[in-house]
Amino acid sequence: MAVREILEIGHPVLAARAGEIDPGDIASARVQGYIDDLIDTMHAANGSGIAANQIGIPHRIFIAEVKGRNPRYPYKPPIPLTVLVNPVITPLSEETFENNEGCLSVPDLRGTVTRHLEIEVSGYDRGGAARRFPVRGYSAGTYQHELDHLDGVLFPHRVSDPTTFSSWKVFKEFKEEAFAAEVKQLVARWGA
Ligand code: NI
């Protein structure tokens, strides 16, 4: 178990599509070690999710967790620690929302991205069991952000209106209050 260095935007491992893991290898010490390092690194960085290629592992694993009040994203509703190997996301409706995102691999930048509001997430958990569950509401954006990483896509690539870019300091000062109110409405409607 270790806290690993987080790669930053432009790094070739972040820009490439990560490869599938043979489900028969999930129980191996190698893959279990990857998952432990993802958890340790996400916790150390106060992230709400992290993908394996962000720590230099070119394989399709991401994790997500929001426990209590996340200092980077105080408005995010809780997500239990979720580990997904070979994740797949399928939209369950056409409805979208505008999500202001940041990323551990994109230092001091935030921007607004359109995300599906209702999705189905599937993949394998760290015990190798197949999982399939819906995510409806604000948290759907977190899962889509993490899956994008495994396809070499970072949130700035998806920002359609470049005037939404801001530093974290400017977001906190001028935008967070209004955005947190939007998130609150989504959470009230969907419970997540
Ligand atoms: Ni990210």
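Which residues are linked with R60 in a network of salt bridges? I looked this up before anything else: the network consists of R17, E20, R60 and D151. The model is predicted, and I read every value below as computed from it.

**Entry 1: salt bridges**

I took the total next, and the count is 14 salt bridges. I then went through three of the pairs.

I began with R60 and D151, since both belong to the network. Their closest N and O atoms are 2.8 Å apart. R60 sits in the loop between β1 (49–51) and β2 (61–66), while D151 sits in the loop between α3 and α4 (155–158), so this salt bridge ties together parts that are 91 residues apart in sequence. I checked accessibility on each side. R60 has 4% relative accessibility and therefore counts as buried, the cut-off being under 20%. D151 comes out at 36%, so I noted D151 as partly exposed.

D36 and R126 were next, with 3.0 Å between the closest N and O atoms of the salt bridge. This pair also links distant parts of the chain: D36 is in helix α2 (residues 29–45), and R126 is in the loop between β6 (118–124) and β7 (130–136), 90 residues away. D36 has a relative accessibility of 21%, which makes it partly exposed. R126 is partly exposed too, at 28%.

The third pair was D148 and R158, a salt bridge with its closest N and O atoms 2.6 Å apart. D148 belongs to helix α3 and R158 to helix α4, so the bridge ties together parts 10 residues apart in sequence. I found D148 buried, because its relative accessibility is 8%. R158 is partly exposed at 40%.

**Entry 2: nickel site**

I asked which protein atoms act as donors to the nickel ion. They are SG of C103, NE2 of H145 and NE2 of H149, at 2.1 to 2.3 Å from the ion. Along the chain the donors follow the spacing C-x41-H-x3-H. C103 is in strand β4 (residues 96–103) and H145 is in helix α3 (residues 139–150); the two are 42 residues apart, and the pair links distant parts of the chain. I looked up accessibility for these two and noted that C103 and H145 are both buried.

**Entry 3: sheet and helix α3**

I traced an open sheet of five strands, in the order β1-β2-β3-β6-β7, with antiparallel pairing. β1 and β7 are the edge strands, each pairing on one side only. On average, neighbouring strands are turned by 40° against each other, direction ignored. Helix α3 packs on this sheet and touches β1, β2, β3 (79–91), β6 and β7. I noted an angle of about 70° between the direction of α3 and that of β3.

I then looked at the β6 and β7 pairing in detail. The two strands run antiparallel and are joined by seven bridges. For E118, the bridge partner in β7 is R136. For Y124, the partner in β7 is A130. β6 and β7 form a hairpin with five residues between them. In the turn, I noted that G128 has a positive phi of about 85°.

**Entry 4: aromatic pairs**

How many aromatic pairs does the structure hold? I found nine. The rings of Y73 and Y75 have centres 6.4 Å apart and planes at 80°, so I entered the pair as edge-to-face. Y73 and Y75 are both buried.

Y75 pairs with Y138 as well, again edge-to-face, at 6.1 Å centre to centre and 85° between the planes. Y75 is in the loop between β2 and β3 and Y138 in the loop between β7 and α3; the pair links distant parts of the chain, 63 residues apart. Y138 is buried, as is Y75.

Finally, I looked up the cluster that contains these tyrosines. One aromatic cluster is formed by Y73, Y75, F97, Y138, W168, F171 and F179.

Notes
Residues are numbered from 1 along each chain as its sequence is written. This is a predicted model: local features need pLDDT of at least 70, side-chain atom pairs count only at pLDDT 80 or more; totals for chains, interfaces and linings use all residues. Side-chain values use heavy atoms; hydrogens and water are left out. Donors are N, O and S atoms within 2.8 Å of the metal (3.2 Å for Na, K and Ca); water is not among the atoms, so sites may look incomplete. Helices (H or I, at least four residues) and strands (E, at least two) are DSSP runs, numbered from the N terminus. Buried means under 20% relative accessible area, exposed over 50%, partly exposed in between (1.4 Å probe, protein chains only). A salt bridge is a side-chain nitrogen of Lys or Arg within 4 Å of a carboxyl oxygen of Asp or Glu. Two strands pair if DSSP finds at least two bridges between them. Axes are lines fitted to C-alpha atoms, for helices over the stretch in contact, and angles run from 0 to 180 degrees between N-to-C directions. Contact means heavy atoms within 4.5 Å. Rings of Phe, Tyr and Trp (its six-membered ring) pair if their centres lie within 6.5 Å; planes under 30 degrees apart count as stacked, over 60 as edge-to-face and the rest as tilted.
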